[in-house]
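Okay, thanks for coming, everyone. I'll walk you through one structure today, so let me get it up on the screen.

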Amino acid sequence: YKRTRDKKLELSSAYHGLSLQLLAYLLVLAECGETLAGRPIRPIAAIYHSLASQYHLVDHPSEEAEGATRERRLQGAYRPRGLLLADRFDALDSTCENGWSDHYSLYRKKDGSIGHIEHSDAADAGSFRAVLDRVRHNLGELADGVLDGDAAVRPYRLGTFSPCSWCTMASVCRF
């Protein structure tokens, strides 16, 4: 859960080890998690869910119900975003038979397969596992660096974005 709106899991950032927190939680659950009954936990999603909803104005509440399209119903709403295991999507949204889900960024074709994969948060089982394997690799490299004493200051920059803008050490950092 995040207080920010429109938080989305960027897989390119995760691939390069820049955004690992959410997927590291998922990896820990997948590797070590158990239910209260002692069965292993099999994660099916890693999603950000905003605690800060957006609102939109209507002149009268009846206007919202009259002929509201999917886009209009979702205008101002935040849908959870992240990584969803397509094979198990029914556990998250059993109401989506075909078309776009009202709750998640996933499109289901009439034959039940996932469509619009470039705009969807869905992943097949192999891709889902590959993401977790890459996170495991990135975490291993980071841990090895710490154990080897690597403490160099090397912040990254993606376009105009840099983590230095919110770093608490900015006043003493000579970078």
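So, what you've got here is five helices and six strands, and keep in mind that this is a predicted model. Reading from the N terminus, the order goes α-α-β-α-α-β-β-β-β-β-α. There are 175 residues in the protein, and 27% of them are buried. On the outside, about 12300 Å² is exposed, with carbon and sulfur atoms supplying 53% of that. And if you take contacts between residues at least 6 apart in sequence, 57% of those join residues at least 24 apart.

Let's go to helix 5, residues 125-147. From first C-alpha to last, this helix reaches 33 Å over its 23 residues, close to the 33 Å you'd expect at 1.5 Å a residue. At its start, Asp124 puts a side-chain oxygen within 3.2 Å of the backbone nitrogen of Gly126. Just past the other end, Gly149 has a positive phi of about 85 degrees.

Which residues of helix 5 are buried? Those are Phe128, Val131, Leu132, Val135, Asn138 and Gly145. And what do they pack against? Two helices, helix 1 and helix 2, plus strand 1 (45-48), strand 2 (81-85) and strand 6 (122-123).

Staying on helix 5, look at Arg136 and Asp133. They form a salt bridge, with the closest N and O atoms 2.8 Å apart. The two sit three residues apart in the helix, so about one helical turn separates them. Arg136 counts as partly exposed because its relative accessibility is 34%, and Asp133 is partly exposed as well, at 36%. This pair belongs to something wider: salt bridges with shared partners tie Glu31, Arg129, Asp133 and Arg136 into one network.

How many salt bridges does the structure hold? Six. Here's another one: Asp121 with Arg81, at 2.7 Å, N to O. That pair links distant parts of the chain, with Asp121 in the loop between strand 5 (114-115) and strand 6, and Arg81 in strand 2, 40 residues apart. Both Asp121 and Arg81 are buried.

Then there's Asp90 with Arg108, where the closest N and O atoms are 2.9 Å apart. Again distant parts of the chain are linked: Asp90 is in the loop between strand 2 and strand 3 (99-100), Arg108 is in strand 4 (residues 107-108), and their positions lie 18 residues apart in the numbering. Buried or exposed? Arg108 is buried, since its relative accessible area is 9%, while Asp90, at 46%, counts as partly exposed.

Now over to the N-terminal end. Ser13 is in helix 1, and at 16% relative accessible area Ser13 falls under the 20% cut-off, so we call it buried. Leaving out neighbours within four places in sequence, Ser13 is in contact with Leu18, Ser19 and Leu158.

Leu18 is worth a stop. You'll find Leu18 in the loop between helix 1 (11-15) and helix 2 (21-32), and its 31% relative accessibility makes it partly exposed. Together with Leu158, Phe161 and Trp166, Leu18 forms a nonpolar patch on the surface, with about 400 Å² of accessible area between the four.

Last stop is Glu34, in the loop between helix 2 and strand 1. At 57% relative accessibility, Glu34 counts as exposed. Not counting residues up to four places away in sequence, Glu34 touches Arg39, Pro40 and Ile41.

Conventions. Residues are numbered from 1 along each chain as its sequence is written. This is a predicted model: local features need pLDDT of at least 70, side-chain atom pairs count only at pLDDT 80 or more; totals for chains, interfaces and linings use all residues. Side-chain values use heavy atoms; hydrogens and water are left out. Patches are made of residues with over 30% relative accessible area and no salt bridge: like charges are joined within 9 Å, nonpolar side chains (Val, Leu, Ile, Met, Phe, Trp, Tyr) within 5 Å. Accessible areas come from the Shrake-Rupley method with a 1.4 Å probe; for residues, only the protein chains shown count as cover. A salt bridge is a side-chain nitrogen of Lys or Arg within 4 Å of a carboxyl oxygen of Asp or Glu. Helices (H or I, at least four residues) and strands (E, at least two) are DSSP runs, numbered from the N terminus. Buried means under 20% relative accessible area, exposed over 50%, partly exposed in between (1.4 Å probe, protein chains only). Contact means heavy atoms within 4.5 Å. The expected span of a helix is 1.5 Å times one less than its number of residues. A polar contact is a pair of N or O atoms within 3.5 Å; within protein, one must be able to donate a hydrogen and the other to accept it, and residues adjacent in sequence count only if both atoms are side-chain atoms.
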